[in-house]
Amino acid sequence: MPEAEARAFWKRFSDYMEEHRGDLGGFAKSEGFVSVHPESHNGVPTLVASRTVPQKPYASAPRRST
């Protein structure tokens with residue numbers, strides 16, 4: 001996703017999570033996704049959104065190297 005769009009997505013995510021702590025599934029649904037999972041890719045915070053992968057409970061973000 002382009003950087004400007006990604007920043008807007010993060011902002012909406014942050015705002016939603018402030019109001020609905022831990023409700024990743026609710027945020028995903030509000031954005032038209034099945035799930036949203038925060039991860040760290042090479043130390044960079046990343047949101048992974050999916051239209052098919054089921055939502056997992058909120059947990060510490062996994063660290064991945066790419």
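Let's start with the order of elements. Along the sequence, the protein chain runs α-α-β-β-β. That makes two helices and three strands. Keep in mind that this is a predicted model.

How compact is the chain? Its radius of gyration is 11 Å, close to the 11 Å that the globule rule gives for 66 residues, so the chain is as compact as a globular protein of that length. The C-alpha trace spans about 30 × 25 × 25 Å along its principal axes.

Next, inside and outside. Of the 66 residues, 27% count as buried. The surface that the chain exposes comes to about 4,700 Å². Carbon and sulfur atoms supply 54% of that area.

Now charges. The chain has 9 positive and 8 negative charges. Their mean positions lie 5 Å apart.

On to the core. Which residues make up the largest nonpolar core? There are ten: F9, F13, Y16, M17, L24, F27, A28, F33, V36 and L47. Two elements give two or more residues to this core: α1, residues 3-19, and α2, residues 24-30. The largest share, four residues, comes from α1.

Pick out F27 in that core. What does F27 touch, once we leave aside its neighbours within four places in sequence? The contacts are F9, R12, F13, Y16 and V36.

What about contacts across the whole chain? Take those between residues at least 6 apart in sequence. Of these, 26% join residues at least 24 apart.

Let's move to the loops. Find N42 on your screen. N42 sits in the loop between β1, residues 35-41, and β2, residues 44-50. Is N42 buried, partly exposed or exposed? Its relative accessibility is 49%, and exposed needs over 50%, so N42 counts as partly exposed.

The backbone there deserves a look too. Most residues other than glycine have a negative phi. The phi of N42 is near 55°, a positive value, and N42 is not a glycine.

One more loop. T52 lies between β2 and β3, and β3 covers residues 63-64. T52 has a relative accessible area of 67%. The cut-off for exposed is over 50%, so T52 is exposed.

How far is T52 from V34? In sequence, they are 18 residues apart. In space, the distance is 6.0 Å, C-alpha to C-alpha.

To recap: the pattern is α-α-β-β-β, the largest nonpolar core has ten residues, and α1 gives four of them. In the loops, N42 is partly exposed and T52 is exposed. Thanks, everyone.

Methods
Residues are numbered from 1 along each chain as its sequence is written. This is a predicted model: local features need pLDDT of at least 70, side-chain atom pairs count only at pLDDT 80 or more; totals for chains, interfaces and linings use all residues. Side-chain values use heavy atoms; hydrogens and water are left out. The radius of gyration is taken over C-alpha atoms; the globule rule is 2.2 Å times the number of residues to the power 0.38. Buried means under 20% relative accessible area, exposed over 50%, partly exposed in between (1.4 Å probe, protein chains only). Contact means heavy atoms within 4.5 Å. Accessible areas come from the Shrake-Rupley method with a 1.4 Å probe; for residues, only the protein chains shown count as cover. Lys and Arg count as positive and Asp and Glu as negative; His and the chain ends are not counted. The place of a charge is taken as NZ of Lys, CZ of Arg, CG of Asp or CD of Glu. A nonpolar core is a set of buried Ala, Val, Leu, Ile, Met, Phe, Trp, Tyr and Cys residues joined through side-chain atoms within 4.5 Å.
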